[in-house]
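Colleague: I'm new to this one, so could you show me the structure and let me ask about it?

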Amino acid sequence: MIVMLEPDSPESVVAQVEQTAAQFKDLSVRRHVVKGDEHTITEIYLLGHTQTVPAEAFEALPGVRRVVRVSAKYRIIGRHGQTGSQVGFEYNGVDFSERSVKVFAGLCAVDNRTNVAKVMSTLKAHGITTTRMGAYKPRTSPYEFQGLGASCLPWVFEEAGKAGVKVVAMEVTNPRHVDEIRDALAQAGDPTGVMLQIGTRNAQNFELLKAVGQQGRFPVLFKRGMGITLEESLNACEYVASEGNPKIVFCLRGVKTHLGEPHRNMVDFAHVPVVRRLTRLPVCIDPSHSVGRPEAGPDGIPDIFHAVGQGLIAGASMVLIDFHPDPEAAMCDGPQALRLENLPRFRAYTDRVRKAYEDVLALASV
Ligand code: PEP
Ligand code: MN
């Protein structure tokens, strides 16, 4: 059972809920606090034999917004049949709710400072404050470029700060990387924020999931496992949340099957509404790693754009996308990277599709 409190509830309200819970036998209590820049949301989880506990006992308390009985599945991330409940969180001044679309455009793999600076200044010129920068790259072959690792963090963060970038999505493959990121940010004077990306290959690396769940500072961008069920991927997010960090965005990035050819993966953006229905997590789409190719349709619009359109028209609120100043020279995933010159066109495209989604929503409500 979840007791949801009004935003910014004082300690006295929390204490009253906990005292009420103490009246019931064998009920344990766990607090979940999500601190946004503007509001703090507290939810109190009542665990144990809650079947006989009347919801009214809690609903009657001042400061309680709603009491929800949850199934055992997706206890924290689940939507539990509610409509319109609050989705997302705020981090470093960026609103990760479904109210807007965030474009995380940037390098699959950081290769040199010049390219990082070019990406950052282009983002700045177009008013984009979110990016992706891969420093730790999990590669299929041990002989391929593995990313620059901790050595590039100081200048990546400095360049982000100079461009006013507020959040950098960065994959971590080992809990040690989280410490390296925290240290490099501190050394640079915390000029930006970081969203920890869990890559598809680590979707069931439970020790890594627990580690990013136990730290509460950085939000998590969880990428769907490419060869496991959606249910298994959602359970992996529940690991992160159950360790104490509910600031998670769920990213669809395609699934592995040869039936998706000639695309790199089978695009799975038809699952956007499914994830939104089952959970309270904002949904991101990654068209670069799912499509994986630069070709365009006969209309001249790249397959990558079309895939983005499919995700946004279904209500995705974040896009993770590879851009590179010179894709032919990229050290990782060059063929799927868009040229930086295409950023304005991409931005215009996402704005139009989002607007279409909002128009359709408005129609549905009349
Ligand atoms: C990436 O985003 O660079 C990446 C490796 O993605 P995925 O884990 O989805 O393959
Ligand atoms: Mn990549």
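Here are some questions and answers about what is shown.

Modeller: Before you start, this is a predicted model, where local features need pLDDT of at least 70, side-chain atom pairs count only at pLDDT 80 or more, and totals for chains, interfaces and linings use all residues. Residues are numbered from 1 along each chain as its sequence is written, chains are lettered from A and ligands numbered from 1 in the order in which they are written, and side-chain values use heavy atoms, with hydrogens and water left out.

Colleague: Which residues coordinate the manganese ion (ligand 2)?

Modeller: Donors are N, O and S atoms within 2.8 Å of the metal (3.2 Å for Na, K and Ca), and sites may look incomplete because water is not among the atoms. Here the coordinating atoms sit at 2.0 to 2.3 Å from the manganese ion (ligand 2). Along the chain the donors follow the spacing C-x180-H-x43-D. They are Cys108 (SG), His289 (NE2) and Asp333 (OD).

Colleague: How many residues apart are Cys108 and His289?

Modeller: Helices (H or I, at least four residues) and strands (E, at least two) are DSSP runs, numbered from the N terminus. Cys108 is in the loop between β7 (102-106) and α3 (113-125), while His289 belongs to helix α9 (residues 287-291). The pair links distant parts of the chain, 181 residues apart.

Colleague: Is Cys108 buried or exposed?

Modeller: Buried means under 20% relative accessible area, exposed over 50%, and partly exposed in between (1.4 Å probe, protein chains only). Cys108 has a relative accessible area of 6%, so Cys108 is buried.

Colleague: How far from Cys332 is the nearest cysteine sulfur?

Modeller: A disulfide is a pair of cysteine sulfur atoms within 2.5 Å, and a search of the whole structure finds zero of them. Cys332 counts as buried, at 7% relative accessibility. The nearest cysteine sulfur to Cys332 belongs to Cys108, and the distance is 3.7 Å.

Colleague: Now the sheets. Which strands stand at the edges of the open sheet of four strands?

Modeller: Two strands pair if DSSP finds at least two bridges between them. The order is β2-β3-β1-β4, with antiparallel pairing. Each edge strand has a single partner, so one side of each is left without a neighbour in the sheet; the edge strands are β2 (27-35) and β4 (64-68).

Colleague: Which residue in β4 stands opposite Val3?

Modeller: Strand β1 (residues 2-5) and β4 pair in the antiparallel sense over four bridges. Opposite Val3, in β4, stands Val67.

Colleague: How many residues of strand β10 are buried?

Modeller: In a regular strand the side chains alternate between the two faces of the sheet. From β10, Gly193, Met195 and Gln197 point one way and Val194, Leu196 and Ile198 the other way, and all are buried. Strand β10 (residues 193-198) is therefore largely enclosed by the rest of the structure, with the buried count at six of the six.

Colleague: Which helix joins β9 and β10 in a right-handed β-α-β unit?

Modeller: A crossover is right-handed if, with the strands pointing away from the viewer, the path from the first strand over the helix to the second runs clockwise. Strand β9 (residues 167-171) and β10 pair in the parallel sense over five bridges, and Glu171 stands opposite Gln197 in β10. The helix in this right-handed unit is α5 (residues 175-187).
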